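Hi everyone, thanks for coming. I'd like to walk you through a protein that is new to most of us, so please have a look at the screen.

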Amino acid sequence: MDTKCALIFGATGGIGSSLCRAFKKRGIKLLLISRNRQKLNGLRDELDIHPSCTFEAETLTSQEELEKASEWLRRSEQKIDFAIHAAGLGIIKNATNISIDEWKNTIDLNVTSSFTFFQLT
């Protein structure tokens with residue numbers, strides 16, 4: 001039986017890292033994308049993941065960084081069985097107090113980055 005492979009976009013946040021641990025316990029190979037180098041390295045060490053299976057992006061919302069991540073994924077030549085977009089941002093305040101920039105940043109990370117990345121891959 002072939003080993004399954006999961007791609008976790010936003011691997012080092014609460015949801016992403018929990019999913020990584022759960023998949024690893026089930027013997028699923030992991031490919032991780034994150035913008036936090038320290039957390040990514042810590043998670044990689046904790047779960048004994050080869051460095052070539054991780055990608056650090058400067059940001060998860062720029063077209064250029066998403067293209068780099070997509071190219072990294074293509075070079076890995078891995079068949080992806082599960083692809084999860086776990087990167088996200090929440091604004092906890094009244095809608096009348098949310099600035100346009102906060103709104104755009106939230107939509108860019110929560111929606112547009114997912115659409116763009118998976119479209120590229």
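**A first tour**

Let's begin at the outside: the accessible surface of the protein comes to about 7600 Å², and carbon and sulfur atoms make up 50% of that. Please keep in mind that this is a predicted model.

Now for the charges. You'll find 16 positive and 15 negative side chains, with the centres of the two sets 6 Å apart.

How is the chain built up? The protein has 4 helices and 4 strands, and from the N terminus on they run β-α-β-α-β-α-β-α.

On to the overall dimensions. The C-alpha trace spans about 55 × 25 × 25 Å along its principal axes. The radius of gyration is 15 Å, which agrees with the value near 14 Å for a compact globule of 121 residues.

Let's go inside. Of the 121 residues, 35% count as buried. The largest nonpolar core has 28 residues, and those with the most contacts inside it are I8, C20, L30, L32, I33 and F117. Two or more residues each come from β1 (5–9), α1 (14–25), β2 (29–34), α2 (37–46), α3 (63–76) and α4 (100–120). Of these, β1 gives the most, with 5 residues.

If you'd like one residue to zoom in on, try L32. Leaving aside residues up to four places away in sequence, L32 touches I8, A11, C20, L40, L43, I49, C53, T54, F55 and W72.

And across the whole protein, among contacts with a separation of 6 or more, 57% are between residues 24 or more positions apart.

That's the tour, thanks for listening!

Conventions: Residues are numbered from 1 along each chain as its sequence is written. This is a predicted model: local features need pLDDT of at least 70, side-chain atom pairs count only at pLDDT 80 or more; totals for chains, interfaces and linings use all residues. Side-chain values use heavy atoms; hydrogens and water are left out. The radius of gyration is taken over C-alpha atoms; the globule rule is 2.2 Å times the number of residues to the power 0.38. Buried means under 20% relative accessible area, exposed over 50%, partly exposed in between (1.4 Å probe, protein chains only). Contact means heavy atoms within 4.5 Å. Accessible areas come from the Shrake-Rupley method with a 1.4 Å probe; for residues, only the protein chains shown count as cover. Lys and Arg count as positive and Asp and Glu as negative; His and the chain ends are not counted. The place of a charge is taken as NZ of Lys, CZ of Arg, CG of Asp or CD of Glu. A nonpolar core is a set of buried Ala, Val, Leu, Ile, Met, Phe, Trp, Tyr and Cys residues joined through side-chain atoms within 4.5 Å.
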